[in-house]
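Q: Could you take me on a close look at one part of this protein? I would like to hear about a sheet and what surrounds it.

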Amino acid sequence: QVQLVESGGGLVQPGGSLRLSCVASGITTFSIVNMGWYRQAPGKQRELVAVHTGTGANIADSVKGRFTIFRENAKNTLYLHMNKLKPEDTAVYYCNVEGYSGFSWRTFWGQGTQVTVSS
């Protein structure tokens with residue numbers, strides 16, 4: 001079973017930076033297609049932040065130019081570099097992986113890591 005563990009969240013002042021990490025395990029028999037970050041603020045629906053797909057990377061307009069997504073270590077680790085953070089970036093950030101186990105499409109989520117932007 002695929003497992004995702006996020007880390008790197010915390011409290012930061014507006015204009016500051018954070019780097020989130022997502023470590024994937026149990027993927028030896030899993031073919032990853034999409035890897036991305038989502039976030040959910042209290043009382044709001046979960047939204048896409050950034051995702052790597054089979055054809056490229058997509059970043060939400062709300063964070064474009066401030067956030068960057070990276071994949072390293074043979075796609076076992078996913079990073080989200082967040083710069084020029086704003087209070088509206090405050091949310092729980094979740095790592096997401098989608099792909100194939102055999103011919104079956106599967107989706108996996110991490111535990112989430114809290115990001116709080118406040119002065």
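A: Happy to: here is a walk from the whole chain to one sheet, then on to a loop and a pocket.

Please keep in mind that this is a predicted model. The secondary structure comes to 11 strands and 0 helices, so the run of elements from the N terminus is β-β-β-β-β-β-β-β-β-β-β. Along the principal axes, the C-alpha atoms of the protein fill a box of roughly 50 × 25 × 25 Å. The radius of gyration is 14 Å, and this agrees with the value near 14 Å that a compact globule would have with 119 residues. Of those 119 residues, 41% are buried.

Now to the sheet itself. Four strands make up an open sheet, and their order is S1-S3-S8-S7, with antiparallel pairing. At the edges are strand S1, residues 3-7, and strand S7, residues 67-72, each of which pairs on one side only. From one strand to the next, the twist averages 15°.

Let us stay at the S7 edge for a moment. Strand S7 is joined to strand S8, which covers residues 77-82, by 6 bridges, and these two strands run antiparallel. If you would like a spot to find by eye, look at Thr68, which stands opposite His81 in S8.

Following the chain out of S8 brings us to a loop. Lys84 is found in this loop, which lies between S8 and strand S9, residues 91-101. The backbone of Lys84 deserves a glance: phi is near 50°, a positive value in a residue other than glycine. Is Lys84 buried or exposed? Lys84 has a relative accessible area of 58%, and because the cut-off for exposed is over 50%, Lys84 counts as exposed.

One more feature is worth a visit, the largest pocket. About 160 Å³ of space lies in the largest pocket. Its lining is formed by 13 residues, and those nearest the centre of the pocket are Arg39, Ala41, Lys44, Glu47 and Glu88. By class, the lining of this pocket has 7 charged, 4 polar and 2 nonpolar residues.

To gather the main points for your own viewing: the open sheet has the order S1-S3-S8-S7, S7 is one of its edge strands, and 6 bridges tie S7 to S8. Beyond S8, the loop to S9 holds Lys84, with its positive phi.

How values were computed: Residues numbered from 1 in each chain as written. Predicted model: local features only at pLDDT ≥ 70, side-chain atom pairs only at ≥ 80, totals over all residues. Heavy atoms only, no water. 1 Å grid on protein atoms, 1.4 Å probe; cavity = no way out; pocket = protein on both sides within 12 Å on 5 of 7 lines; lining within 4 Å. Points joined across faces, edges and corners; volume = space filled by probe spheres on them. Nonpolar A, V, L, I, M, F, W, Y, C, P; charged D, E, K, R; others polar. Pairing = 2+ DSSP bridges. Axes fitted to C-alpha atoms, helices over the stretch in contact; angles between N-to-C directions. Buried < 20%, exposed > 50% of the residue type's maximum accessible area, 1.4 Å probe, protein only. Rg over C-alpha atoms; globule rule 2.2 N^0.38 Å.
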